[in-house]
Amino acid sequence: EWTPKNMVDELVARVREEVGEDRAICALSGGVDSMVAAALVQKAIGDQLTCVFVDHGLLRAGEAEQVRTDFVELTGADLVVIDASERYLDALAGVSDPEQKRKIIGREFIRIFEQAARDIVHDRGDNEHPVKWLVQGTLYPDVVESGGGAGAANIKSHHNVGGLPDDIQFKLVEPLRTLFKDEVRQVGLELGLPEKIVYRQPFPGPGLGIRIVGEVTADRLETLRKADLIAREELTAAELDRDIWQCPVVLLADVRSVGVQGDGRTYGHPIVLRPVSSEDAMTADWTRLPYDVLARISSRITNEVEEVNRVVLDVTSKPPGTIEWE
Ligand code: XMP
C-alpha cells in the first residue's frame, strides 16, 4: 500500500543499507528536492551526513535564514554554511550579459563546493568511516530525461560531481530517483518539513542574479528583495500561490523612467511582474491575476521601495518569452 509513511520507511531503509557506516555530504540549494533528499538521508544516517549551504547572496528575503535555521532546527542536520555573498558580488562586478552571469554563478558554486567538500572529507572522515557519498535530489523525470543513466541529475549537479578533483570521488546516493514531484512533496510533509518549503514554487539556481537586468550590485539586490517580498506577501494574502506556477519579479536596473511623487519629480527604475501559469515550465501562459491584487502590489512597491517608481506587467506567453528574463 502506498502511503507517505511506508514510502519514507522504505526509502530510509534503502539509504541505510546503501550507505552503511560511511559518511555523506549534500549541497542544499534551498529548493524542494535537495531539502527533501537531505532530510530523508538525515533520518536514515543521522550525523553521518553533513549538509553544505553555499549562500551566494542571491536568494530572496528570508530564504537563507530558512535554510540556516529552520531546516537545521527541524532535521537536526549537521550544516556547514558558507557565506559567499561578497565573493559573488566581486565575481559579478561589471557583468551585465545574462550568459556571463550564469557562467560566473555556476563556476563560483563549483569552486566553493569543491573546497567545502575537501574540508569535510578532511575534518569529518576517518579511515574507517570515509566521506564517500554525495546526496543528490534527482527525481524520476530527471532520470528518464537523461536516458536513465546513474547520476542523471540536473546540469548543475553533474558539474558538482564531474568537477570534483580525483582525490575526492563520490558515489551518488539519490533517494528520490523513483519519485515524481508530488510524491516528493508528500515525503517532505511526512518528514515534517513545513508547507512553505514543500510547496515552494520553482526558483532558479542563479537566483536574483538573473532577475536584475544589468549589473548585479548589493544595492540593486536590496531593492529587488524588497519588491519581491511585497509581491509574494500580496499573492499569498490573496491565496493565489497554488494557482500560479511562479511569479518572477524583475528589476530593470539599466532602465529609468520619469515619475512624480509628492511634489517632486522622480527618475527611478521599473519593476516587472511576471506571473505565469504552467504545467512543466516548458510552455507557459501569463496569469490573469485579479486587477485589485495587481493594484495592491503596484501601489505598495512604488510607495515602499524608494528606487522604484513604476510597476509593469509582463503579458507574454512562453514561447516566445521565457519565464525568466535572463
Ligand atoms: P525559462 O526562463 O527557461 O525557465 O522559461 C524555465 C524554468 O526553469 C527555471 N530556471 C532555472 N532553474 N537553474 C534552475 O534551477 C537555472 O539556471 C534556471 N533558469 C531558469 C525558471 O525559474 C522556470 O521555472
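This report describes two helices, an annotated binding site, a loop glycine and a ligand shell in a predicted model. Residue numbers start from 1 along each chain as its sequence is written. Because the model is predicted, local features need pLDDT of at least 70 and side-chain atom pairs count only at pLDDT 80 or more, while totals for chains, interfaces and linings use all residues.

**Two helices**

Helices (DSSP runs of H or I, at least four residues) and strands (runs of E, at least two) are numbered from the N terminus. The expected span of a helix is 1.5 Å times one less than its number of residues, and the table sets this value beside the distance between the end C-alpha atoms.

| Helix | Residues | Number of residues | Expected span | End-to-end C-alpha distance |
|---|---|---|---|---|
| α1 | 4–19 | 16 residues | 22 Å | 22 Å |
| α11 | 291–304 | 14 residues | 20 Å | 20 Å |

In what follows, a residue is buried if 20 or more other C-beta atoms lie within 10 Å of its own, exposed if 12 or fewer, and partly exposed in between, with C-beta atoms placed from the backbone. In α1 the buried residues are V8, L11, V15 and V19. Seen down the axis, these fall within an arc of 70°, so they line one face of α1; the arc is that of the directions from the helix axis to the C-beta atoms. An α-helix has 3.6 residues a turn, so residues three or four places apart point the same way. K5, N6, E10, A13 and E17, on the other side of α1, are exposed. The cover over the buried residues of α1 includes β1 (23–28), α2, β4 (131–135), β5 (171–173) and α8 (181–190), where contact requires C-beta atoms, placed from the backbone, to lie within 7 Å. After α1 comes G20, which has a positive phi near 60°.

Helix α11 has I297, S298, I301 and T302 as buried residues. They cover an arc of only 115° around the axis, which puts them on the same side of α11, whereas D292, A295, S299, N303 and E304 are exposed on the other side. Elements covering the buried residues of α11 include α10 (218–237), β9 (264–273) and β12 (308–313).

**The annotated binding site**

An unreviewed UniProt entry places the feature "binding site" at S29, G30, G31, V32, D33, S34 and M35; positions follow the numbering used here, feature names are shortened, and annotations may be inferred rather than shown by experiment. S34 lies in helix α2 (residues 32–45), and M35 is found in α2 as well. S34 is buried because 21 other C-beta atoms lie within 10 Å, and M35 is buried with 29. Leaving aside residues up to four places away in sequence, S34 touches A27, L28, S29 and G137, while M35 is in contact with L28, F71, L193 and I197.

**A buried loop glycine**

G57 lies in the loop between β2 (49–55) and α3 (63–75), and counts as buried because it has 20 C-beta neighbours inside 10 Å. Not counting residues up to four places away in sequence, G57 touches A84, S85, Y88 and L89. The C-alpha atoms of G57 and E10, which are 47 residues apart along the chain, are separated by 37 Å.

**The ligand shell**

The residues around the ligand, each with its C-beta atom, placed from the backbone, within 6 Å of it, are P202, P204, G205, P206, Q246, A281, K318, T322, I323 and E324. By class, this shell has five nonpolar, three polar and two charged residues, with Ala, Val, Leu, Ile, Met, Phe, Trp, Tyr, Cys and Pro counted as nonpolar, Asp, Glu, Lys and Arg as charged, and the others, Gly among them, as polar.

Key
Two residues are in contact if their C-beta atoms, placed from the backbone, lie within 7 Å.
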